[in-house]
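Dear colleague,

I am handing over the structure we spoke about, and you will find the sequence and the coordinates just below. My notes on what was found follow after them, and I would be glad if you read them with the structure open.

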Amino acid sequence: MEYDITDVELHEAGRRRIEWANRQMPVLQLVRQEFAEQQPLGGERIGCCLHVTSETANLMRTLKAGGAEVALCASNPLSTQNEVGASLVTDYEIPVFARHGEDRETYYNHINAVLDIKPTITIDDGADVISTLHSERPEQIADIKAGMEETTTGVIRLRAMAADGALKYPLIAVNDANTKHLFDNYYGTGQSTIDGILRATNTLLAGKNFVVCGYGDCGRGVCRRAAGMGAKVIVCEVDPLRALQATMDGYQVMPIADAAGIGDIFITVTGDRSVIRREQFELMKDGAVLGNSGHFDVEIDLPDLREMSTTIRTVRPNLEAYQLEDGREVFVIGQGRLTNLAAAEGHPAAVMDMSFANQALCTAYVAGLSEPLAIAVHPVPQEIDERVATLKLQTMGISIDTLTPEQEEYLASWKMGT
Ligand SMILES: NC(=O)c1ccc[n+]([C@@H]2O[C@H](COP(=O)([O-])OP(=O)(O)OC[C@H]3O[C@@H](n4cnc5c(N)ncnc54)[C@H](O)[C@@H]3O)[C@@H](O)[C@H]2O)c1
């Protein structure tokens with residue numbers, strides 16, 4: 001078996017992490033049991049480009065239990081947990097191509113190593129496999145039944161490809177399932193971004209001016225958790241509806257030009273580029289902390305900041321100080337890469353349980369289709385989304401009401417009024 005990881009000797013620690021995550025992923029456990037019995041993925045080769053974490057390891061185990069040949073590479077050079085890679089290779093015999101801190105060239109070599117298994121299904125987080133296939137290995141596309149995309153930024157890229165007529169195989173937008181974005185993006189990014197800030201800085205949030213750029217699913221979660229820790233939350237938005245929601249949720253809303261000079265902590269989570277740039281660095285207070293939880297490391301304009309800085313030094317793990325010419329220092333978490341994955345451990349397993357149950361059930365759906373899907377970006381089938389919600393509630397021991405026949409009739413009719 002070919003693989004490329006940092007150190008196989010780390011596998012014991014990795015296995016313990018994977019098992020701990022597994023305890024909190026009961027829906028995925030049920031899917032894995034079903035897969036082991038029914039083998040819906042027999043004959044499939046699944047190429048995955050995901051954060052190499054303990055939660056992802058449990059997805060990989062599930063796909064393998066379903067009969068697939070699988071291979072995994074990282075979707076971010078800083079999110080790889082080396083011990084998890086070691087355990088997947090050693091304890092679960094799953095090929096992994098990922099080294100924490102790998103450079104750009106290695107990152108793309110690893111994507112190509114995964115594509116060497118000639119996947120029939122792809123799973124992406126950020127669409128890097130999909131774009132490599134389209135730009136460098138288009139001859140492989142004919143063998144691919146469909147792919148799945150995990151995150152908002154990836155789905156945006158795919159929709160842009162579809163609009164340009166450039167998309168060459170069907171994709172399922174797993175991010176857009178209700179049991180994914182309403183939970184993973186909101187609760188997951190909310191909690192784990194705060195976790196990343198605290199691990200990198202150990203700063204007190206109470207009383208701080210905490211600026212969040214982007215009030216989407218992720219931004220809302222970050223705001224709510226920061227407010228819960230006693231921070232004074234300020235939201236910067238470009239969408240009037242979202243800005244209005246933020247206002248009525250009780251946060252101060254203002255342009256980044258006004259927030260730049262008063263923020264103590266800044267988090268970007270927009271999926272956009274250069275959200276915080278030169279003009280804002282010029283206004284920032286000495287000691288301001290910046291982090292990004294959007295998918296790519298382009299939301300904080302680090303090339304601008306580097307140009308403006310006289311020195312850059314590491315002050316703590318995952319925290320760098322940029323000293324500006326006038327002596328002020330601003331601190332950047334995890335090189336502007338996903339704060340929650342670079343400086344913490346990513347989303348808690350209990351929330352990834354739902355995201356990855358969607359991923360696993362979508363692979364079985366794709367593998368079982370008698371007719372190929374049209375080349376487009378498709379939603380997760382509603383039955384899968386509802387099944388994940390139902391199973392999650394069951395595993396939490398929560399039962400809910402059911403409609404009476406009379407209520408069903410009432411809700412389906414238009415004749416009954418006051
Ligand atoms: N850190 C993680 O683990 C994690 C998890 C899920 C998603 N993500 C990523 O986080 C990002 C946001 O995801 P989402 O689901 O919240 O997306 P979303 O589309 O729901 O929200 C993004 C918001 O940012 C706003 N925005 C865009 N440009 C802006 C700008 N220049 N200034 C201020 N606001 C701006 C948009 O109007 C929108 O309201 C994406 O890149 C996504 O891939 C990260």
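The C-alpha centres of domain 1 and domain 2 lie 29 Å apart in this model, which is a predicted one. Domain 1 is made of two stretches, 8-180 and 346-395, whereas domain 2 covers 189-342. Where the two domains touch, 12 residues of domain 1 are in contact with 13 residues of domain 2. On the domain 1 side of that contact, 9 residues are polar and 3 are nonpolar, and no charged residue takes part.

The ligand is a good place to look next. Its shell takes at least three residues from domain 1 and at least three from domain 2. There are 29 residues around the ligand, and those that come nearest are Gly214, Gly216, Cys218, Gly271 and Asp272. Sorted by class, the shell holds 16 polar, 8 nonpolar and 5 charged residues. Three helices each supply at least two residues of this shell, namely α7 (152-163), α8 (178-201) and α9 (217-228).

Two of these helices, α8 and α9, also pack against each other, with axes that come within 7 Å and cross at roughly 45°. The two are therefore oblique to each other, and α8 passes α9 in a right-handed crossing. On the α8 side the contact includes His181, Leu182, Asn185, Tyr186 and Tyr187, while on the α9 side it includes Asp217, Cys218, Arg220, Gly221 and Val222. Taken together, the residues of this contact are 7 nonpolar, 7 polar and 4 charged.

Helix α8 has a further partner in α15 (residues 349-367), and here the axes are 9 Å apart and the packing angle is about 150°. Why is α8 described as roughly antiparallel to α15? The angle of about 150° falls in the range over 145 degrees that counts as roughly antiparallel, and that makes α8 roughly antiparallel to α15. The crossing of this pair is left-handed. From α8 the residues Thr179, Lys180, Phe183, Asp184, Tyr187 and Gly188 take part, and they meet Val351, Met352, Met354, Ser355 and Asn358 of α15. By class, this contact has 5 nonpolar, 4 polar and 2 charged residues.

The last pair I would point out is α2 (residues 26-38) with α16 (residues 382-395), whose axes come within 9 Å and cross at roughly 115°. These two helices are therefore roughly perpendicular to each other, and their crossing is right-handed. In α2 the residues involved are Pro26, Val27 and Leu30, and in α16 they are Val388, Leu391, Lys392 and Thr395. This contact divides into 5 nonpolar residues, 1 polar and 1 charged.

If you want a short path through the model, I would suggest beginning with the two domains, going on to the ligand and the three helices that each supply at least two residues of its shell, and then turning to the crossing of α2 and α16.

With best regards

Definitions and conventions
Residues are numbered from 1 along each chain as its sequence is written. This is a predicted model: local features need pLDDT of at least 70, side-chain atom pairs count only at pLDDT 80 or more; totals for chains, interfaces and linings use all residues. Axes are lines fitted to C-alpha atoms, for helices over the stretch in contact, and angles run from 0 to 180 degrees between N-to-C directions. Helices (H or I, at least four residues) and strands (E, at least two) are DSSP runs, numbered from the N terminus. Angles under 35 degrees count as roughly parallel, over 145 as roughly antiparallel, 65 to 115 as roughly perpendicular and the rest as oblique. A crossing is left-handed if the near helix is turned anticlockwise from the far one by less than a right angle, and right-handed if clockwise. Two residues are in contact if their C-beta atoms, placed from the backbone, lie within 7 Å. Ala, Val, Leu, Ile, Met, Phe, Trp, Tyr, Cys and Pro count as nonpolar, Asp, Glu, Lys and Arg as charged, and the others, Gly among them, as polar. A residue is near a molecule or strand if its C-beta atom, placed from the backbone, lies within 6 Å of it. Domain bounds come from an automatic or database domain assignment.
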